[in-house]
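This report looks at a few chosen residues and at a bound ligand. Please read it with the sequence and the structure at hand.

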Amino acid sequence: MTQAARQQTDAATSEFPLPAGVHAEKVMSVRHYTDRLFSFRITRPQSFRFRSGEFVMLGLPNAVKPIFRAYSIASPSWDEELEFLSIKVPDGPLTRHLQKIMPGDTILLRTKPTGTLVLDALTPGSRLWMISTGTGIAPFASIVRDPETYDKFEQVILTHTCREVAELTYGEELARNLAEDPLIGDLVQNRFFHYATATREPYVRTGRITSLIESGRLFEDLCVPAFDPAVDRVMICGSMGMIRDVRALVEKAGLNEGANSAPAEFVVERAFVD
Ligand code: A2P
């Protein structure tokens with residue numbers, strides 16, 4: 001089926017006309033992790049390209065002027081489908097409806113991906129840190145599965161901190177599948193490290209990432225030196241408070257903030273939906 005024909009068919013499932021620049025895509029699967037967190041996969045328009053780490057705007061076909069929210073693309077750039085992670089906010093304008101989606105439902109996708117959590121926004125270095133809380137792991141799920149990441153960096157470290165252990169499942173499975181991936185498994189061997197902590201339940205490791213950085217525990221556990229602007233590049237994504245505090249710590253270590261237009265040593269993006 002051609003893209004145009006597929007769009008027409010999908011759009012036909014909505015009772016409202018499709019806004020300009022928007023694709024109607026089909027929900028392929030949904031997985032609920034906790035009463036606060038779920039992931040879903042949708043069909044990918046053939047023409048849709050993105051850089052690992054970027055986000056897009058998603059909405060539901062439930063109004064003439066649908067509400068759109070930014071969602072980081074969690075799937076790798078070669079995936080035939082697009083995967084997203086979302087929190088569930090009981091009275092959230094989009095997520096109170098989105099959390100009820102089922103396979104076969106329609107999702108609206110604005111087709112202009114963008115974002116600062118991209119390799120292009122960092123200057124060359126040898127160790128890449130991706131520091132995330134909650135759904136902030138999503139853009140990094142894409143970046144850790146991109147072979148270019150391992151061309152550019154010798155070591156790749158993904159930290160993920162959540163309140164509850166069940167919220168860490170997505171990242172645990174990502175790390176496990178990465179090691180077994182036929183495309184990238186060999187490449188990541190002894191170079192990719194997953195470091196997960198819970199803050200409100202017992203777990204193998206506990207505590208906020210900020211405390212673990214400040215105490216030096218993070219570096220000890222991973223057997224690497226503390227942040228050094230000559231070596232380390234850092235991407236940060238998650239809650240506003242975590243970003244503020246980790247930003248202060250990496251700046252104190254001498255790293256400067258970069259952007260697509262002016263690459264530097266660290267980049268930041270909040271996990272959007274709230
Ligand atoms: P905590 O449980 O101690 O608040 P949330 O679900 O609120 O987005 O939080 C996700 C994770 O981010 C939680 O583990 C939370 O820890 C942690 N967190 C929240 N604020 C900060 C902060 N300022 N610095 C470091 N970690 C934080």
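In which strand does S86 lie? S86 is part of strand β5, which covers residues 81-87. The model is a predicted one.

**A serine in a strand**

Is S86 buried or exposed? With a relative accessible area of 1%, S86 is buried, because a residue counts as buried when that value is under 20%. Leaving aside residues up to four places away in sequence, S86 touches R36, L37, F38, F40, Y71, T95, L98 and T135. With one of these, Y71, there is a polar contact from side chain to side chain, at 2.9 Å.

**The ligand and its surroundings**

How many residues surround the ligand? There are 13 of them, and the closest are R163, T199, R200, R208 and D245. Two elements, β8 (155-162) and α9 (240-252), each supply at least two residues of this shell. The largest share comes from α9, with three residues.

The table lists three short distances between ligand atoms and polar atoms of the protein.

| Ligand atom | Protein partner | Distance |
|---|---|---|
| oxygen | N or O atom in the side chain of R163 | 2.9 Å |
| oxygen | N or O atom in the side chain of R200 | 2.7 Å |
| nitrogen | polar backbone atom of G241 | 3.1 Å |

Taken alone, the ligand exposes 560 Å², and the protein buries 82% of that area. The place where the ligand sits is the largest pocket.

**A glycine and its distance from R200**

G92 is located in the loop between β5 and α2 (95-98). Its relative accessibility is 3%, so G92 counts as buried. How far apart are G92 and R200? In sequence they are separated by 108 residues, and in space by 24 Å, from C-alpha to C-alpha.

**Two residues with positive phi**

N190 is not a glycine, yet its phi is positive, near 60°. N190 belongs to the loop between α6 (185-188) and β9 (192-198). The relative accessible area of N190 is 66%, so this residue is exposed; the cut-off for that word is over 50%.

C223 is not a glycine either, and it has a positive phi of about 60°. Where is C223 found? C223 lies in the loop between α8 (217-222) and β10 (232-238). C223 is exposed because its relative accessible area is 70%.

Technical notes:
Residues numbered from 1 in each chain as written. Predicted model: local features only at pLDDT ≥ 70, side-chain atom pairs only at ≥ 80, totals over all residues. Heavy atoms only, no water. Helix = DSSP H or I, 4+ residues; strand = E, 2+ residues; numbered from the N terminus. Buried < 20%, exposed > 50% of the residue type's maximum accessible area, 1.4 Å probe, protein only. Polar contact = N/O pair within 3.5 Å; in protein donor to acceptor, adjacent residues only side chain to side chain. Contact = heavy atoms within 4.5 Å. Near = heavy atom within 4 Å. Areas by Shrake-Rupley, 256 points an atom, 1.4 Å probe, with all protein chains shown as cover. 1 Å grid on protein atoms, 1.4 Å probe; cavity = no way out; pocket = protein on both sides within 12 Å on 5 of 7 lines; lining within 4 Å. Sits in = over half its atoms within 2 Å of the grid points.
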